[in-house]
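This report describes one protein chain from its computed geometry. The sequence and structure come first, and the description follows.

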Amino acid sequence: MNAEDMDIVLDAVFGCATLTSPWFRFRPFLNDPKDDLYVECALAAGAAVIVSQDKHFDHPSLRAFGLVAMNARDYLVRHHDRSNPE
């Protein structure tokens, strides 16, 4: 993906984003405590997926909260497959 394509994707993602602030804390949770905020925000937003290359999100406890972490490529493939049923 080139820089122009990335800008298009990011504009689309940010265009549907909603600013969310967590009202609770889960600490300590992940192996890197700085990453806990992202889990808290995902839960507060009702998200199902955290898109990240960070290996700290590959944590079995995420599934207990109904979350899954995946890298951007896997997310785009998954999203594309769902939006283009055969």
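The sections below go from the overall fold to the charged pair, the packing of one helix, the surface patches and two loop residues.

## Model and overall fold

The structure is a predicted model. The protein has 86 residues, and its secondary structure consists of four helices and two strands. Read from the N terminus, the order of elements is α-α-β-α-β-α. The helices are α1 (3-15), α2 (36-45), α3 (61-64) and α4 (72-83). The strands are β1 (49-51) and β2 (68-70).

Along the principal axes, the C-alpha atoms occupy a box of roughly 40 × 25 × 25 Å. Buried residues make up 17% of the 86. Among contacts with a separation of 6 or more, 27% join residues that are 24 or more positions apart. The exposed area of the protein is about 6,700 Å², and 56% of that is supplied by carbon and sulfur atoms.

## Charge and the salt bridge

The protein carries 8 positive and 13 negative side chains. The centres of these two sets are 8 Å apart. Side chains of opposite charge can pair when their charged atoms come close. How many salt bridges does the structure hold? There is one salt bridge, and it is made by the side chains of R25 and E40, at 3.7 Å from N to O.

R25 sits in the loop between α1 and α2, while E40 belongs to helix α2, so the pair ties together parts that are 15 residues apart in sequence. Are the two partners buried or exposed? R25 has a relative accessible area of 60%, over the 50% cut-off, and is therefore exposed. E40 has 0% relative accessibility and so counts as buried. R25 can also be placed relative to C41: the two are 16 residues apart along the chain, and their C-alpha atoms are separated by 9.7 Å.

## Packing of helix α2

Which residues of α2 are buried? They are D36, V39, E40, A42 and A44. E40 thus appears both in this buried set and in the salt bridge with R25. The buried residues of α2 pack against β1 and α3.

After α2 comes G46, which has a positive phi, near 75 degrees.

## Surface patches

A nonpolar patch lies on the surface, formed by M1, M6, L10, V13, F14, V51, Y75 and L76. Together these residues have about 730 Å² of accessible area. The elements that contribute two or more residues to the patch are α1 and α4. Which element gives the largest share? That element is α1, with four residues.

L76 is one of the patch residues and lies in helix α4. Its relative accessible area is 35%, so L76 is partly exposed; patch residues need over 30%.

A second patch is one of negative charge, where E4, D5, D7 and D11 gather on the surface. D7 is located in helix α1. With a relative accessible area of 47%, D7 is partly exposed. Helix α1 therefore holds D7 of the negative patch and also supplies four residues to the nonpolar patch, as its span of 3-15 shows.

## Two loop residues

H59 is in the loop between β1 and α3. Is H59 buried or exposed? Its relative accessibility is 17%, and buried means under 20%, so H59 counts as buried. Apart from neighbours within four places in sequence, H59 is in contact with F29, L30 and N31.

N71 occupies the loop between β2 and α4. N71 is partly exposed, with a relative accessible area of 26%. Its contacts, leaving aside neighbours within four places in sequence, are V51, S52 and Q53. One of these, V51, is also a member of the nonpolar patch. N71 and F24 are 47 residues apart in sequence, and 26 Å separates their C-alpha atoms.

Technical notes:
Residues are numbered from 1 along each chain as its sequence is written. This is a predicted model: local features need pLDDT of at least 70, side-chain atom pairs count only at pLDDT 80 or more; totals for chains, interfaces and linings use all residues. Side-chain values use heavy atoms; hydrogens and water are left out. Patches are made of residues with over 30% relative accessible area and no salt bridge: like charges are joined within 9 Å, nonpolar side chains (Val, Leu, Ile, Met, Phe, Trp, Tyr) within 5 Å. Accessible areas come from the Shrake-Rupley method with a 1.4 Å probe; for residues, only the protein chains shown count as cover. A salt bridge is a side-chain nitrogen of Lys or Arg within 4 Å of a carboxyl oxygen of Asp or Glu. Buried means under 20% relative accessible area, exposed over 50%, partly exposed in between (1.4 Å probe, protein chains only). Contact means heavy atoms within 4.5 Å. Lys and Arg count as positive and Asp and Glu as negative; His and the chain ends are not counted. The place of a charge is taken as NZ of Lys, CZ of Arg, CG of Asp or CD of Glu.
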